[in-house]
Amino acid sequence: MTEPLLSIRHLRVYYGTSGDPVRAVDDVSLDIGEREVVGLVGESGCGKSTLGRGILGLLPYGARAVGEVNLDGQNLYELPPSAFRRFRGPQLGLIFQEPMTRLNPLMRISEHFSETLKQHEPKLSDGDIKRRSLETLGRMGIPPTRYEQYPHEFSGGMRQRIMIALALVLRPKVLVADEPTTSLDVIVEGQILALLADLKKNFGTALLLITHNLGIVAEACDRMAVMYAGKIVEEGPVRDVFREPAHPYTRELLRSTISLETKELHSIPGSPPNLIDPPPGCRFHPRCPNAMRVCAELVPIEQRLDERRRVLCWLHGPEQLVPSGGELPLEREAIGIADEA
Amino acid sequence: MRPEPVAPPPQPGPEDAPLVSVRDLKTYYSIRGSFIDRLAGREAGIVRAVDGVSLDIRRGEVLGLVGESGSGKTTLGRTLLGLVRATGGSMQFEGQELTGRSESEWRDLRREIQVVFQDPHASLNPAMTIEQAVGHPLQIHRLMRSKEQIRARVIEVLEHCGLAPGADYLDKYPSDLSGGQKQRVVIARAIILNPVLLVADEPVSMLDMSVRAKILELMMALKRDLELTYLYITHDLATARFFCDRIAIMYLGKVVEIGPAEAIYADPKHPYTQALLHAIPEPDPERAVPRDLPRGEVPDAAMPPLGCPFHPRCPSAFEPCGWESRDLRELFESRWALAAGEPGVEEEQALVGDLDVLARPSSKVRLTAGRKAPEIVGLLDRIRAEDPAEPFWRGIERMEADELSVNIDFHEPHEPQLEQVGEVEVSCHLYDPTITQA
């Protein structure tokens, strides 16, 4: 296998609190290949956004990150902050959830672009800046006639297109998109997803798409990682994971997604745990319909199902490490609405 | 002209009479323009948020009101709740007229009509305990005075909404609860007065997928137990499918399709309904097909398109749909966006000149071009040859250059009206027998 473009190794991100830290990302490893679209899914509070921001080194004050984020073989976490910053933009881009709040209302669209390009590519002439900006905006469907307008003159979907263009104009190798369509209407959401799915074709960009909607993953991604309570519990090609989810959490998430084909409503009891003091053993065991005795006691060990799939669940072994009687169903109290998400 | 005498409508028994009957309802907002406009007392315009909607909500049914942002669905809900004033038309609730009521009359009525909003975090006062929040309506309406009585009733509704034992929640604050629990509290507060009608405005769209089903199930159980009637406002036809007996699809202030839910899902008639259904991502990569989505977004309701409001985005639009100046502008703009950076685009922009002359809606366009007029017509012919299937071209009746200008006449715009087609009513020229397709 060739070296992945972006390789995250044993990344941990902790948020400081007055007591014990919140372990929002806890020993996560993930690869993203060139021109690959990887979906990162999970419920709110599972650490998806923190992982996305950890990759870019954009963590709030009070957060601490350790591990490796390797881009083209360079570990960004070893670099001094000023050198890391030079990677952000030209190499690693970020698209946020709320397009309304990310554009400066006092700046024209043209000024957003010239500021960005001048910061990262000071040698570009004004003509080149305009040409490149208009080209990128055009591919996102924003006509050149609107280049001198202000953000308030655009609709929500147009603003998100502008945000994407603003990230792409620097031609990053990897783009992290954190719920890029959550605040958009369903038709506009479809339009933006089509643009994102075409990024690899049109811009050669790899994409990490963070979402809670599995429909979006099915539509736009090549590979997917499922995150629960700070850990990646399953990873694999989208088709394989949807056809045969290996982790009970993935299966339950799939069952609770409401689509036109849904025949009956389903939900996962309880809610993701508090990440200050997560449950012992497998973190999903209190909500897991398949939980065994071993799940409450021992932390599961990552298993490879095949070359491209891995899962963190005792159902997939290793059997020799399960103590005798460990495979019996776990007896526990029913989960009430008191613990609901 | 004297109106023809009409036979008095049959007097339906109270059981079959609709609970809510809305006729030609209009809710307009006026836009405050610039400072100068205000000094001069000018109004910058009006937004027809709800523009002539007629519909019934039958007792015990769930009516889904579906559309994108800007469709007017939320404004219609708010008008029914008396939170915004209707500009015209009528709405009756249990036979009483609601328009033109005073605020205090509305207050009495709100015992019967309650609401659940989209954002449970914003719907609860962070400084009120759950007991205060849920019991507040009882105090406002002075239905119960003793603290013990109120507390007992609060516990009862909390438990009815799944928050059991209710006593455990009384002293909690909204910040102690998860999103799903907060929405349960909001629903408990809405049912504590035993309302007849519940307006639910996107009650699950802010919640995680894993809890949406639970809240929908709760709402269905409450409907059964309390014999509620719902107006379910949403942009999501997937959740509406589980919930609604009938569906009304709104676009830019108007109902474009309305009928039994089954009929609408089985055979959507309006191209907009079809688009909304197509746009829902299917969580099955084996079935993911490239989707044909309508271009663009919901237009500005202050200046709606001529003719059918959906025509600029509609893949099936044809001659009578209301083609006009702004569609020509859009044609140029999307062409130049697609080809930005390629040679020739700047020349085309220079040739056509300022597009702002096309901003005013009109089905007759004069582009002042002088000697360049034939060149512009030539450009339009070239664009047409590149994609003759583009619906826009069907809208042009006449296009020619004279010595001063390019003159384009579009076909006369016709506004579609709701017509019965099979089991549903649709407002679309495709189904209008008086319009024959060329």
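In the predicted model described here, Pro165(B) lies in the loop that runs between α6 and α7 of chain B. The peptide bond that leads from Ala164(B) to Pro165(B) is cis, and its omega is near -10 degrees. Most residues other than glycine have a negative phi, and most peptide bonds are trans.

Positive phi values occur at several places in the two chains. In chain B, Leu252(B) has a positive phi of about 50 degrees although it is not a glycine, and this residue is found in the loop between β9 (246–251) and β10 (254–260) of chain B. Leu252(B) counts as buried because 23 other C-beta atoms lie within 10 Å, where 20 or more are needed for that class. In chain A, Arg35(A) has a phi near 55 degrees, which is likewise a positive value in a residue other than glycine, and Arg35(A) is found in the loop between β2 (22–32) and β3 (37–41) of chain A. Unlike a buried residue, Arg35(A) is classed as partly exposed, because it has 16 C-beta neighbours inside 10 Å. A glycine, Gly82(B), takes a positive phi of about 75 degrees just after α2(B). The helix α2 (residues 73–80) of chain B is itself mostly covered, since 7 of its 8 residues are buried; among them are Lys73(B), Leu76(B) and Leu80(B).

Further along chain B, the axes of helix α5 (residues 130–140) and helix α6 (residues 147–160) come within 9 Å and cross at roughly 110 degrees, so α5(B) is roughly perpendicular to α6(B). From α5(B), the residues Glu131(B), Val134(B), Gly135(B) and Leu138(B) meet a set of residues in α6(B) that includes Ile150(B), Val154(B) and Leu158(B). Sorted by class, the contact of these helices, α5(B) and α6(B), has 6 nonpolar, 1 polar and 3 charged residues.

Chain A contains 12 helices and 12 strands. The radius of gyration of chain A is 21 Å, which is close to the 20 Å given by the globule rule for 341 residues, so the chain is as compact as a globular protein of that length. Along its principal axes, the C-alpha trace of chain A spans about 70 × 50 × 45 Å, and 48% of the 341 residues count as buried. One of the helices, α11 (residues 248–256) of chain A, includes Pro248(A), which is buried, with 23 other C-beta atoms within 10 Å. When its neighbours within four places in sequence are left aside, Pro248(A) is in contact with Phe284(A), Cys288(A), Pro289(A), Asn290(A) and Cys313(A).

The contact between the two chains takes 48 residues from chain B and 47 residues from chain A. On the side of chain B that touches chain A, the elements that give two or more residues are α7 (179–191), α8 (209–226), α9 (237–243), α11 (271–278) and α12 (325–338) of chain B, and the largest share, 8 residues, comes from α8(B). By class, this side of chain B has 24 nonpolar, 11 polar and 13 charged residues.

As to confidence, the model scores ipTM 0.86 and pTM 0.89. The mean pLDDT of chain B is 88, and 92% of its residues reach 70 or more. Over residues 5–10 of chain B, however, pLDDT stays under 50, and the model has 0 contacts for them beyond four places in sequence. Where pLDDT is low, the predicted coordinates should not be read in detail.

Definitions and conventions: Residues are numbered from 1 along each chain as its sequence is written. Chains are lettered from A and ligands numbered from 1 in the order in which they are written. This is a predicted model: local features need pLDDT of at least 70, side-chain atom pairs count only at pLDDT 80 or more; totals for chains, interfaces and linings use all residues. pLDDT is the predictor's confidence in each residue, from 0 to 100. Two residues are in contact if their C-beta atoms, placed from the backbone, lie within 7 Å. Helices (H or I, at least four residues) and strands (E, at least two) are DSSP runs, numbered from the N terminus. The radius of gyration is taken over C-alpha atoms; the globule rule is 2.2 Å times the number of residues to the power 0.38. A residue is buried if 20 or more other C-beta atoms lie within 10 Å of its own, exposed if 12 or fewer, and partly exposed in between; C-beta atoms are placed from the backbone. Axes are lines fitted to C-alpha atoms, for helices over the stretch in contact, and angles run from 0 to 180 degrees between N-to-C directions. Angles under 35 degrees count as roughly parallel, over 145 as roughly antiparallel, 65 to 115 as roughly perpendicular and the rest as oblique. Ala, Val, Leu, Ile, Met, Phe, Trp, Tyr, Cys and Pro count as nonpolar, Asp, Glu, Lys and Arg as charged, and the others, Gly among them, as polar.
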